[in-house]
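Me: I am new to this structure and should be grateful for a close look at a single part of it. Please begin with the aromatic rings and then proceed to one helix.

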Amino acid sequence: MVKEDDSGTSAKFVTFEGVDKTGKTLICNILETEYPEYTYIYDPPKFEPWDSIFTDGTKYGKNIPNISESFLLLSARLHNYTKEISKSLRKGKSVIADRYADSWFAYQSIHTEKYFQKGACPLDFFKKIHESCVNYGLLKDPDVTILIIADRKIIEKRLKRTKNRTEYEDIEFLIKVQGIYKQLATEYTKRYRIVEDKDQGIINVYNEIKKILKKEGICK
């Protein structure tokens, strides 16, 4: 049984998902300022060696195949779970994650599809690997996943303001990824909560998310 944290509620594992330019990281940063008692993590993690690997990929051979990169991301998540997530939950501290396994499902199922034989489903492949890790106690499913979605025009407008885009920051790619996210939301309805970013401003989006977290017993 999970211990109770200082606020009197059971420690929860909350993940934030959504494509690039939907404000996940900024939301998590605001939460951390208002609720510093929780543990905040990133996927991939910001500790070494993963921070260097994913922020300065050329140093480690950025031209590795996409399928290999997907397993680097899994390795980083396993390390993150052992080092941060499981320890915090055992101590009764809720964990807030900026991306987690669902991001891996959504992005990598599109990013690696060329490696799979005709008729194969990359999404099923990545989900089965994650499920095996959960079944063996190597990872944990989130208690709550907040998915931030946005209209194509909004994402495209924000992408145009981004310099030095990564290979992931392509509008056609991101729309496909958002489609996978929506598919996951229909499959995991018990833990998914969807928030739509209508370009109403980050504070309004944050306040809507905070209402959800209060309802779930995570924030006061």
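**Aromatic pairs and helix 6**

Reply: In this predicted model, a search of the whole structure finds twelve aromatic pairs. One of them joins tyrosine 35 and tyrosine 38: the ring centres are 6.2 Å apart and the planes meet at 20°, so this pair is stacked. Tyrosine 35 is buried, at 7% relative accessible area, and tyrosine 38 is likewise buried, at 6%. Tyrosine 107 and tyrosine 168 form an edge-to-face pair, with 5.7 Å from centre to centre and 70° between the planes. This pair links distant parts of the chain, since tyrosine 107 belongs to helix 4 (residues 101-111) and tyrosine 168 to the loop between helix 6 and helix 7, 61 residues apart. Both tyrosine 107 and tyrosine 168 are buried. Elsewhere, ring pairs connect Phe71, Trp104, Phe105, Phe116, Phe125 and Phe126 into a cluster.

The helix that precedes the loop of tyrosine 168 is helix 6. In helix 6, residues 152-160, the buried residues are Ile154, Ile155, Arg158 and Leu159. Viewed down the helix axis, these buried residues fall within an arc of 135°, so they line one face of helix 6. An α-helix has 3.6 residues a turn, so residues three or four places apart point the same way. On the other side of helix 6, Lys153 and Lys160 are exposed. The cover over the buried residues of helix 6 includes strand 4 (144-150), helix 7 (171-187) and strand 5 (192-197). At the N-terminal end, aspartate 151 caps helix 6, with a side-chain oxygen 3.0 Å from the backbone nitrogen of lysine 153.

How values were computed. Residues numbered from 1 in each chain as written. Predicted model: local features only at pLDDT ≥ 70, side-chain atom pairs only at ≥ 80, totals over all residues. Heavy atoms only, no water. Buried < 20%, exposed > 50% of the residue type's maximum accessible area, 1.4 Å probe, protein only. Helix = DSSP H or I, 4+ residues; strand = E, 2+ residues; numbered from the N terminus. Arc of directions from axis to C-beta. Contact = heavy atoms within 4.5 Å. Polar contact = N/O pair within 3.5 Å; in protein donor to acceptor, adjacent residues only side chain to side chain. Phe/Tyr/Trp six-rings, centres within 6.5 Å; stacked < 30°, edge-to-face > 60°.
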